[in-house]
Amino acid sequence: MNWLKLNKAKSKICFEEMNKSNNFNPDCDESYKEFKIDILKEFYETLKELNIREEDVKVKAYEVDYIFGIKLYKLLTYKYCMSENEAGNDDIWRYIQLKVCPQIIKYRYGISEDRYYKMPTRMWLETLWWYVFLGWRDSEENTKEILKGNTTDTILNIIDRTGRYGYRKDLFNEILYKKYLYNVTDRDQFRKIMTLNTMKLQVIDPYLVNGGIQEYVDELFKENGVKINEFRRS
């Protein structure tokens with residue numbers, strides 16, 4: 001796929017024109033026609049799976065996020081061969097969100113500059129791709145099981161903590177897996193776990209810890225009051 005781009009300045013003009021005309025189904029480049037059909041199909045398959053309508057998307061926010069997120073990740077990664085470098089290019093996502101499927105962003109967040117183009121860590125489709133990328137555990141079925149008990153707060157706590165060198169996939173994957181494995185559902189507790197991780201990464205390389213990333217993550221959870229043996233899933 002030859003990914004087209006929109007920088008922030010052009011995105012602002014596009015967003016304002018779209019908002020003024022109330023046209024959230026604009027024309028996209030001919031090369032994106034099939035992709036547009038595919039991504040809208042996956043979105044509406046998500047609504048069908050949840051038995052909801054467009055106006056219910058905000059009410060079922062996280063369910064839409066993780067189910068559609070997995071579909072989006074598979075579509076972009078396996079059919080359209082999006083690489084990590086391409087997924088890290090905000091201008092690619094701006095084009096998709098403003099030129100290909102802006103209507104679904106509106107269903108999820110309304111008319112929000114931040115969610116369409118302004119803040120990379122808030123652009124919806126980009127956020128979903130990275131969330132699933134970091135949580136992917138061998139298969140769609142495993143990933144769905146691991147992510148289904150989370151919340152929109154979980155996504156924020158993951159996506160907002162890129163760190164100096166970007167996302168550490170193995171580390172974040174282990175954190176999301178252990179959150180599931182140890183049944184950590186308290187939002188404040190998970191936020192503290194992520195805050196502690198951010199602090200520790202300033203002075204500790206998880207790969208060099210005795211026991212590696214698995215032991216490092218276990219310690220994060222234990223230091224925040226998670227009783228591993230008591231809450232571990234079978």
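The expected span of a helix is defined as 1.5 Å times one less than its number of residues, and helices (H or I, at least four residues) and strands (E, at least two) are DSSP runs numbered from the N terminus. The structure is a predicted model, in which local features need pLDDT of at least 70 and side-chain atom pairs count only at pLDDT 80 or more, whereas totals for chains, interfaces and linings use all residues. Residues are numbered from 1 along each chain as its sequence is written, and side-chain values use heavy atoms, with hydrogens and water left out. The protein contains 14 helices and zero strands.

**Overall architecture**

- From the N terminus on, the order of elements is α-α-α-α-α-α-α-α-α-α-α-α-α-α.
- The radius of gyration of the protein is 19 Å, which agrees with the value near 17 Å for a compact globule of 234 residues; the radius is taken over C-alpha atoms, and the globule rule is 2.2 Å times the number of residues to the power 0.38.
- The C-alpha trace spans about 55 × 40 × 30 Å along its principal axes.
- Of the contacts with a separation of 6 or more, 74% join residues 24 or more positions apart, where contact means heavy atoms within 4.5 Å.

**Surface and charge**

- Of the 234 residues, 49% are buried; buried means under 20% relative accessible area, exposed over 50%, and partly exposed in between (1.4 Å probe, protein chains only).
- The accessible surface is about 12000 Å², and 45% of this belongs to carbon and sulfur atoms; areas come from the Shrake-Rupley method with a 1.4 Å probe, and for residues only the protein chains shown count as cover.
- There are 39 positive and 38 negative side chains, with the centres of the two sets 3 Å apart. Lys and Arg count as positive and Asp and Glu as negative, while His and the chain ends are not counted; each charge is placed at NZ of Lys, CZ of Arg, CG of Asp or CD of Glu.

**Helices α11 and α13**

- Helix α13 (residues 212-223) has 12 residues and an expected span of 16 Å, which agrees with the 17 Å between its end C-alpha atoms.
- The buried residues of α13 are Gly-212, Ile-213, Tyr-216, Val-217, Asp-218, Leu-220 and Phe-221.
- Just after α13, Gly-225 adopts a positive phi of about 85°.
- Helix α11 (residues 169-181) has 13 residues; its expected span of 18 Å agrees with the 18 Å between its end C-alpha atoms.
- Because 10 of its 13 residues are buried, α11 is largely enclosed by the rest of the structure; among the buried residues are Asn-173, Glu-174, Lys-178 and Lys-179.
- Asn-183, which follows α11, has a positive phi near 55°.

**Selected residues**

- Trp-93 belongs to helix α5 (residues 90-100) and counts as buried at 0% relative accessibility.
- Beyond residues up to four places away in sequence, Trp-93 touches Leu-76, Met-82, Glu-86, Ala-87, Met-123, Leu-125, Glu-126 and Trp-129.
- The C-alpha atoms of Trp-93 and Arg-187 are separated by 29 Å, with their positions 94 residues apart along the chain.
- Thr-127, in helix α8 (residues 124-135), counts as buried at 8% relative accessibility.
- Leaving aside neighbours within four places in sequence, the contacts of Thr-127 are Pro-120, Thr-121, Arg-122, Ile-155 and Ile-159.
- Thr-198 lies in helix α12 (residues 187-200) and counts as partly exposed at 30% relative accessibility.
- Thr-198 and Arg-161 are 37 residues apart in sequence, and their C-alpha atoms are 7.4 Å apart in space.
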